[in-house]
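Biologist: I am new to this structure and would like to go through it in questions, beginning with one side chain and ending with the whole chain. Could you explain each term when it first comes up?

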Amino acid sequence: MPRAYVLLNVESGSEDTVLKQLQNISIVEEAYVSYGVYDLIVKVKADTMEEMKETISHKIRSINQVRSTLTLIMIED
C-alpha cells in the first residue's frame, strides 16, 4: 500500500479550516498543524498509487486555501 507525507502551505489563518477538510478525506490517516516552513503535515495511505495521485491532485490540492504542496512518497521494503 502506498504511503506518503504531504506538506502543505496554506493561506495565513486558514490552518484549522484546511485541517478539518483534510480529516474528511478517506486516505488521510493523520493531519497536523505545524509551525515552521510548512503549515500542515498530512500522512496518507492509499490502496494504489493511482488513488493516491488522484486524491492528492484533485482533493487535497484543490482546497481553496492550499497554496502549495510537497509530497514525500515512502519506499516500501
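**From one lysine to the whole chain**

Biologist: Is Lys 45 buried, partly exposed or exposed, and what is its relative accessible area?

Modeller: This is a predicted model, in which local features need pLDDT of at least 70 and side-chain atom pairs count only at pLDDT 80 or more, while totals for chains, interfaces and linings use all residues. Residues are numbered from 1 along each chain as its sequence is written, and side-chain values use heavy atoms, with hydrogens and water left out. Buried means under 20% relative accessible area, exposed means over 50%, and partly exposed lies in between, computed with a 1.4 Å probe and protein chains only. Lys 45 therefore counts as partly exposed, with a relative accessible area of 27%.

Biologist: With which residue does Lys 45 form a salt bridge?

Modeller: A salt bridge here is a side-chain nitrogen of Lys or Arg within 4 Å of a carboxyl oxygen of Asp or Glu. For Lys 45, the closest N and O atoms of such a pair are 3.6 Å apart, and the partner is Glu 29.

Biologist: In which strands do Lys 45 and Glu 29 lie, and how many residues apart are they?

Modeller: Helices (H or I, at least four residues) and strands (E, at least two) are DSSP runs, numbered from the N terminus. Lys 45 belongs to strand β3 and Glu 29 to strand β2, and the pair links distant parts of the chain, 16 residues apart.

Biologist: Which residues are joined into one network by salt bridges that share partners?

Modeller: Lys 43 also takes part in a salt bridge, with Glu 30, where the closest N and O atoms are 3.8 Å apart. Because Lys 43 lies in strand β3 and Glu 30 in strand β2, this pair ties together parts 13 residues apart in sequence. Through shared partners, the network joins Glu 29, Glu 30, Lys 43 and Lys 45.

Biologist: Where do Arg 67 and Glu 11 lie, and how many residues apart in sequence are the parts that they tie together?

Modeller: The structure holds 4 salt bridges, and in one of them the side chains of Arg 67 and Glu 11 meet at 2.0 Å, N to O. Since Arg 67 lies in strand β4 (residues 66-73) and Glu 11 in the loop between β1 and α1, the parts tied together are 56 residues apart in sequence.

Biologist: Is Val 44 buried or exposed, and what is its relative accessible area?

Modeller: Val 44 lies in strand β3. Contact means heavy atoms within 4.5 Å, and, leaving aside residues up to four places away in sequence, Val 44 touches Pro 2, Arg 3, Ala 4, Val 6, Ile 27, Val 28, Glu 29, Met 52 and Ile 60. The C-alpha atoms of Val 44 and Arg 3 are separated by 5.6 Å, although the two are 41 residues apart along the chain. Val 44 counts as buried because its relative accessible area is 0%.

Biologist: Which element gives the most residues to the largest nonpolar core?

Modeller: A nonpolar core is a set of buried Ala, Val, Leu, Ile, Met, Phe, Trp, Tyr and Cys residues joined through side-chain atoms within 4.5 Å. The largest one has 20 residues, and those with the most contacts inside it include Leu 8, Leu 22, Val 44 and Ile 60. Two or more residues come from each of β1 (3-10), α1 (15-22), β2 (28-33), β3 (40-45) and α2 (49-60). The element that gives the most, with 4 residues, is β1.

Biologist: What is the relative accessible area of Thr 55?

Modeller: Thr 55 lies in helix α2 and touches Ile 25, Ile 27 and Ile 60, not counting residues up to four places away in sequence. Thr 55 is buried, with a relative accessible area of 7%.

Biologist: What is the radius of gyration of the chain?

Modeller: The chain has 2 helices and 4 strands, which run β-α-β-β-α-β from the N terminus on. The radius of gyration is taken over C-alpha atoms, and the globule rule is 2.2 Å times the number of residues to the power 0.38. That rule gives 11 Å for 77 residues, and the chain is close to it, so it is as compact as a globular protein of that length, with a radius of gyration of 12 Å.
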